[in-house]
Amino acid sequence: MSDLYCVFGNPIAHSKSPAIHAAFAAASGQDLIYEARLAAVDGFQQAISGFIAAGGKGANVTVPFKEEAFRLATRLSERAARAGAVNTLAFNGSDIFGDNTDGAGLVRDMTHNLGFSLAGKRILLLGAGGASRGVIAPLLAEKPVSLFIANRSADKAVALAASFADIATVNAGNFAKTKGNSFDLVINATSASLSGESLPLPPGIFAPGSLAYDMMYGKGETPFLALAREQGAGVRADGLGMLVEQAAEAFFIWRGVRPDTVPVLAELRAKLAP
Ligand code: NDP
């Protein structure tokens, strides 16, 4: 019988994870089934118990269950403990291992797919929600020269920065606080692009040759990437590569095999083409 995996979320119908994992499995000769499963907003724990009872070996977790998955895990990776959120679960008897592959996926997309090294770079991270928290430690591990977290609610950015003070000095404030500075990498980890909104970023934040990275992806240019183009960012990328790379990292945790992400990303990109 094929091993069973799934992604839990609410909503979940839009998820590209089943197609990504099916492509990984086919290319690497792994015998598995990967499904999208809708869990009730107040029924995540029950959904996980049912899935384990049905023989499920592992699950990805997306909005709004990442924090609940963190609490449900009986064992956590160091990066999941830092992130306070789990996007990958592996089940083995009574052991529920929780990991967070979002940061590794983001870093791998930048360093491998985009050929952008983070070492010695000035990074601006926009947003102070779950996605932002999940990528901070992996970003700092690449040894940037500085990291600034800017958020609409400045207090959340300041609190987030303080929680990483044992690793590095991280500066924080509202968007206006970035005025007068320029950055080699600007990452949009807000959900503003989801509602088609632009961020009030001061001019001059994109250094020559800088990378503008929007975690959001979809058909066409996001408002953040349009702004980055107008303000002269050298390279612009959306979060489709991050999605594929975080999935590859989860696949590796479950199967011990690192899938080739290049053809899978190319196929998804072609499907998104306007
Ligand atoms: P959260 O709800 O946890 O956080 C949302 C953040 O966006 C907060 O910092 C919030 O600011 C800010 N925000 C929301 N609306 C606006 C606005 N109109 N103007 C300015 N700031 C705004 O969301 P997540 O952190 O979970 O997700 C953020 C984004 O990252 C989403 O678009 C998600 O799709 C994407 N993502 C992509 C992944 C990928 O694989 N490509 C993986 C994970 C996430 P405030 O604190 O002031 O409310």
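Which of the 22 residues around the ligand come nearest? They are Ala131, Asn151, Arg152, Ser153 and Lys156. Keep in mind that this is a predicted model; the close-ups below start at the ligand and then move out to a few spots in the backbone.

**View 1. The ligand sits between two domains.** Domain 1 covers 3-100 + 241-272 and domain 2 covers 103-238; the ligand lies between them because both give residues to the shell around it. The space that the ligand takes up is the largest pocket. Two helices, α6 (130-141) and α9 (240-255), each chip in with at least two residues of that shell. Sort the shell residues by kind and you get 10 nonpolar, 8 polar and 4 charged.

**View 2. Oxygen atoms of the ligand meet polar atoms of Ala131, Arg152 and Ser191.** Start at Ala131, where a backbone N or O atom is 2.7 Å from a ligand oxygen. With Arg152 it's the side chain that takes part: one of its polar atoms lies 2.9 Å from an oxygen of the ligand. Over at Ser191 we're back to the backbone, with a polar atom there 3.0 Å from a ligand oxygen. As for how covered the ligand is, on its own it would expose 940 Å², and the protein buries 78% of that.

**View 3. Pro11 follows a cis peptide bond.** Look in the loop between β1 (3-9) and α1 (17-28), and there you'll find Pro11. The bond leading into Pro11 from Asn10 is cis, and its omega is near 5°.

**View 4. Another cis bond leads into Pro64.** Here we're in the loop that runs between β3 (56-61) and α3 (66-72), which is where Pro64 has its place. Val63 comes just before, and the peptide bond from Val63 to Pro64 is cis, with omega near 5°.

**View 5. Lys143 has a positive phi.** Where is Lys143? In the loop between α6 and β8 (146-150). Its phi is near 60°, a positive value in a residue that isn't glycine. You've met α6 already: that helix also supplies at least two residues of the shell around the ligand.

How values were computed. Residues numbered from 1 in each chain as written. Predicted model: local features only at pLDDT ≥ 70, side-chain atom pairs only at ≥ 80, totals over all residues. Heavy atoms only, no water. Near = heavy atom within 4 Å. Polar contact = N/O pair within 3.5 Å; in protein donor to acceptor, adjacent residues only side chain to side chain. Areas by Shrake-Rupley, 256 points an atom, 1.4 Å probe, with all protein chains shown as cover. 1 Å grid on protein atoms, 1.4 Å probe; cavity = no way out; pocket = protein on both sides within 12 Å on 5 of 7 lines; lining within 4 Å. Sits in = over half its atoms within 2 Å of the grid points. Helix = DSSP H or I, 4+ residues; strand = E, 2+ residues; numbered from the N terminus. Nonpolar A, V, L, I, M, F, W, Y, C, P; charged D, E, K, R; others polar. Domains from an automatic or database assignment.
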